[in-house]
Amino acid sequence: MSFSGAIAYRATASIVVAPLLVLVVIYACLWPLGVPTAFFRLQHGANTTEITRKDELEAALEGVAMENRTLIIAILNKAYVEQNAMLDLFLQSLREGEDTEFLIDHLLFVAVDQRAFNRCRTLELHCYNLVTEGVDFSKEVFYMSDAFNNMMWRRTLFLGDVLRRGYSFIFTDMDVMWLRNPFSQLSRDREDLQMSSDFYYGKPFNNSNFNTGFYFVTANKKTVALFDEWYAWRNNSKGMKEQDVLQKMKKEGAFTRLGLKVRYLETAYFSGFCQMSQDLRKVITVHANCCASMKAKLIDLRCVLEAWKVSNSNGTSNATTTAWPPSSETSLYFACGQTEITPKDELEAALEGVAMENRTLIIAILNKAYVEQNAMLDLFLQSLGEGEDTEFFVDHLLFVAVDQRAFNRCRTLELHCYNLVTEGVDFSKEVFYMSDAFNNMMWRRTLFLGDVLRRGYSFIFTDMDVMWLRNPFSQLHRDGEDLQMSSDCCSCNPFDNSFFNTGFYFVTANNKTIALFDEWYAWRNNSKGMKDQDVLQKMKKEGAFTRLGLRVRALETTYFSGFCQMSQDLRKVITVHANCCASMKAKLIDLRCVLEAWKVNNSNGTSNATTTAWPPVKGICLHDTATKHTATKH
């Protein structure tokens, strides 16, 4: 190359390179200083580039966070911001709670639609607009719908991004009432994650019943990794909500593998409708969990705030008792306990028409198999008619019919009847012990009976295969017992008996028993192969009775007897239950023998027995009472 050619080449190169250098300098000057190149890799790996604008979000987080880079986050959509809807109630709880109003200054409302964002700005709250193209979160989102799951996963992705930016936070659903400042009970003992519980069984570091509607998470590499892994599950968990996925991850060891220290919050402090705190002096939050629709949540959460105000003045607790007061409108959590198969007006009218002056009644479940001629219903009524001081109880006995045939027969006999029909379930045939139909009927009655308690009615529940020989109230204690239950086998300690039987019991309506029935029914989906009675026994064994503050008495078989363990004293026996006996045919034969033996020793309804012993009774389940006094299980 000649000298002149070299000069020409260098001149050309300079012309090309110089503008490129100028562009690089300009680009470097314009690029925000706070954005490292690693941001591209982070955003690409988490798939968040189109939905989390770093500058806007960072400004929002900085404007809300406390000095220790901690804030509170709530998700907001159109359904929450209507007049007198969930947002207003949520803010009311913060303004009326103890030491909670200032927390509004540290609360970021993340709006997932424009209507929610506009309403948030109008109220002059701290707002961040998180819009995802092609997804409509502007309507009420029903539990476990596709929209519900999409919204849950969307918030998981967003919250993971907040952690990456170094911010710790409390996440709260909008249906959580804040009654006290939660930071007083959130531990600072190096926990990475502290989560609320649907049910709490005394194990703060081992609980599979946690709820992602309220939790406190500390920003660190372990929690960032958890949220990344959690979100990565979304495409392989069809039909599962994000909370279920996190529970599955825990079960498969993810918490341990990531080195996380996770604490599960006690429901005594962080409460909810699944398991309500029994102590007003401790309760911090109340979550409308175990409740499906927004309408029901709003009704019941208003009751919570009303009850809270009854026991507090000027934001400072003056409660002299631990118990919740009655709501001004109805018992707490009434609406969430309602279903389409228990209309309020019809059931309330039925209960009012039957109950005694002290709002106590007797309830029995009735199906087609019981109402045949000379079947169990006739024998049950016969026992009431022939027992001592029992005939008047027919006026206070509500027969709950689970099929139309049973309801018609009940009405024909001019009894007090309530028609409880569940679509798609046939209870019209004989229900054999421990069959699927048997378990379905047992759980259905548990749900119904819990509803009766919510309405403020105490009751004796009796199976139809219980013969009433004397008035049971003479032996039912009024010494503060919440629940008194019959027993298959007698125990020396009336307050510690694991052989109770749910075929006959007396329950007093109060917040503790309502909580018990709610928790009992909530077990149904996790207790396959167990009947409701077995579940209640398991709950007792795991400490539920003690945790709920229940006083439970086991009734003596000397008075409240059965084929499992027959009373030996005719002068004391009150009821006889055909327990330890499988088929209705065998029950009918043996119970007729019991009534016949009863009549042998009684005349005109008044006992004239000169001996304590039963006369000889021989049957199928029940052997000779004069010698064995026990039943054989078939």
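## A walk through the sheet and its helices

Start by selecting S196: across in β7, its bridge partner is N211. Keep in mind as you click around that this is a predicted model.

**The strand pair around S196.** Widen the selection to β6 (residues 193-197) and β7 (residues 210-217). The two run antiparallel and pair over five bridges.

**The whole sheet.** Now bring in the other strands. You get an open sheet of seven, ordered β3-β2-β1-β4-β7-β6-β8, and the pairing is mixed. Which strands stand at the edges? Colour β3 (126-129) and β8 (262-264): each has a single partner strand, so one side of each lacks a neighbour in the sheet. Look along the sheet and you can follow its twist, with neighbouring strands turned by 30° against each other on average, direction ignored.

**A helix on the sheet.** Select α5 (residues 114-122) next. This helix lies across β1 (70-76), β2 (107-111) and β3, and runs at about 160° to β3.

**α4 and α10.** Hide the sheet and show helix α4 (residues 86-96) with helix α10 (residues 294-310). Their axes are 11 Å apart and the packing angle is about 20°. Angles under 35 degrees count as roughly parallel, and therefore that is what α4 and α10 are to each other. The crossing of α4 past α10 is left-handed. Turn on side chains for the contact: from α4 pick M86, L89, Q92, S93 and E96, and from α10 pick M294, K297, L298, L301, R302, L305, W308 and K309. Colour that contact of α4 with α10 by class and you'll find seven nonpolar, two polar and four charged residues.

**α15 and α16.** Jump to helix α15 (residues 511-522) and helix α16 (residues 532-541). Here the angle is about 115° and the axes sit 10 Å apart. This pair, α15 and α16, makes a right-handed crossing. On the α15 side, show L516, E519 and W520; they meet D532, V535, L536 and M539 in α16. By class, the contact of α15 with α16 has five nonpolar and two charged residues, with no polar ones.

**Last stop, α12.** Select helix α12 (residues 376-386). Which of its residues are buried? Highlight M376, L377, L379, F380, L381, S383 and L384. Then add what these buried α12 residues pack against: the strands β13 (360-366), β14 (397-401), β16 (458-462) and β17 (466-468), plus the helices α13 (404-412) and α18 (584-600).

Technical notes. Residues numbered from 1 in each chain as written. Predicted model: local features only at pLDDT ≥ 70, side-chain atom pairs only at ≥ 80, totals over all residues. Heavy atoms only, no water. Buried < 20%, exposed > 50% of the residue type's maximum accessible area, 1.4 Å probe, protein only. Helix = DSSP H or I, 4+ residues; strand = E, 2+ residues; numbered from the N terminus. Contact = heavy atoms within 4.5 Å. Axes fitted to C-alpha atoms, helices over the stretch in contact; angles between N-to-C directions. Parallel < 35°, antiparallel > 145°, perpendicular 65-115°, else oblique. Left-handed = near helix turned anticlockwise from the far one by under 90°. Nonpolar A, V, L, I, M, F, W, Y, C, P; charged D, E, K, R; others polar. Pairing = 2+ DSSP bridges.
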